[in-house]
Amino acid sequence: MREYNDMEFQEFAAEQADSTGDTSPHIPEKMSVDERQAIRRKKRLRRRRRFIAIVLIIILGTAGFGILTYIDKKGLADVETIVVEGNVYYDTVSVLETSGAVTGEGLLSLSSKKIRSNLETLPYIKSVKITKKLPHTLKITVAERIPEYAAYFGGFFVYLDDEMVMLEKRNEAGDLKIVEGFVPEKFEPGEVFAPEDSKNFSLAVKLADSIKEKGLTVYKVSFRNGLMRVYFSKNIVCEGTYDNLMKYITELNEILYSLSTQKIERATIYIGDNGYISFSPKIE
């Protein structure tokens, strides 16, 4: 059996650790008694240090928990101030009432999870962050959903954010992009808008966003009989398949500019295959 010098032993131990995943070196059979004892002492020392570290963590954790429990029971860290930030759609009173957080409760024992769960029942609330600031302040930071689209059906508009979450019903769309021709299976604020024709709904939204990226104002996008209709105003419409409209967005920009310079305020533009474009002063 081969004998190992110090350098060879280190290389041998490293190879063994790499191949077995065991960071403790394997002791070659051909070693002196002193070398074997030295390796065993190092292994025992590592185990002892790990054990002491674990014990200290348990002791400190237990002591810390006991101190915090004492402070909480004695009312030394009761909530005196509740700060609400990030709310725009909901007023502060509404946020506080829905959260269930009140002054006088123990700050440390207060359930952040429960407050967060309560607030996320509100359709416009996207996320909630709870911060406890000793000794007496609870901070609630909310991030609200922002309406981007208004889906029209049944005589009213349903506001949707960029994730297609339904926020509320309204009688008007305001400045939101209108998407028409799609009906959800049910209206449930806080749930995702899910029409039967989900594929074409997604394409309609994508088309509206793509046209907007080109600097054009989109008033409404509707879908019927396999064709997309993009309204740049109530009286300026462009009709075609999704593929053709996407392909000729640049030409659309030029056409709309031409109509503007000619002061034409009422028109339907038809875009067909192979770039065929026709124009009609009628609005269907």
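**Strand, sheet and loop features of the predicted model**

Lys220 is placed in strand β8, which spans residues 220–224. The model described here is predicted. The relative accessible area of Lys220 is 13%, a value that makes the residue buried because burial is assigned under 20%. The side chain of Lys220 forms a polar contact of 3.3 Å with that of Glu180. When neighbours within four places in sequence are left aside, the residues in contact with Lys220 are Ile178, Glu180, Arg229, Val230 and Tyr231. Glu180 thus appears both in the contact list of Lys220 and as the partner in its side-chain polar contact.

Strand β8 belongs to an open sheet of nine strands, arranged in the order β6-β5-β4-β7-β8-β9-β10-β11-β12 with mixed pairing. The edge positions are taken by β6 and β12 (277–280); each has a single partner strand, so one side of each is left without a neighbour in the sheet. From one strand to the next, the twist averages 20°. Towards the β12 edge, β11 and β12 pair in the antiparallel sense over four bridges. Within this pairing, Thr268 has Ser280 of β12 as its bridge partner. Helix α7 packs on the sheet and touches β10 (236–240), β11 and β12. The direction of α7 makes about 155° with that of β11.

A further open sheet consists of three strands in the order β1-β3-β2, again with mixed pairing. Here β1 (81–85) and β2 stand at the edges, and each has a single partner strand, so one side of each lacks a neighbour in the sheet. On average, and with direction ignored, neighbouring strands of this sheet are turned by 15° against each other. Strands β1 and β3 run parallel and are joined by five bridges. Val83 has Lys139 in β3 as its bridge partner. Helix α4 packs on this sheet through β2 and β3, and its direction makes about 155° with that of β2.

Helix α4 covers residues 112–119, and its buried residues include Ser112, Ile115 and Leu119. Viewed down the axis of α4, the buried residues fall within an arc of 65°, so they line one face of the helix. The face turned away from this buried side carries the exposed residues Lys113 and Lys114. The cover over the buried residues of α4 includes α3 (92–99), β2 and β3. Strands β2 and β3 are therefore elements that the helix touches in packing on the sheet and also part of the cover over its buried residues, which line one face because they fall within the 65° arc.

Several backbone features occur in loops. A cis peptide bond, with omega of about 10°, joins Leu134 and Pro135. Pro135 is located in the loop between β2 (125–133) and β3 (137–144). Two residues that are not glycines have a positive phi, namely Met164 at about 65° and Lys263 at about 60°. Met164 lies in the loop between β5 (156–160) and β6 (166–170), whereas Lys263 lies in the loop between α7 (249–261) and β11 (267–271). Met164 is buried, with a relative accessible area of 12%. Lys263, by contrast, is exposed, with a relative accessible area of 72%.

Terms used
Residues numbered from 1 in each chain as written. Predicted model: local features only at pLDDT ≥ 70, side-chain atom pairs only at ≥ 80, totals over all residues. Heavy atoms only, no water. Helix = DSSP H or I, 4+ residues; strand = E, 2+ residues; numbered from the N terminus. Buried < 20%, exposed > 50% of the residue type's maximum accessible area, 1.4 Å probe, protein only. Polar contact = N/O pair within 3.5 Å; in protein donor to acceptor, adjacent residues only side chain to side chain. Contact = heavy atoms within 4.5 Å. Arc of directions from axis to C-beta. Pairing = 2+ DSSP bridges. Axes fitted to C-alpha atoms, helices over the stretch in contact; angles between N-to-C directions.
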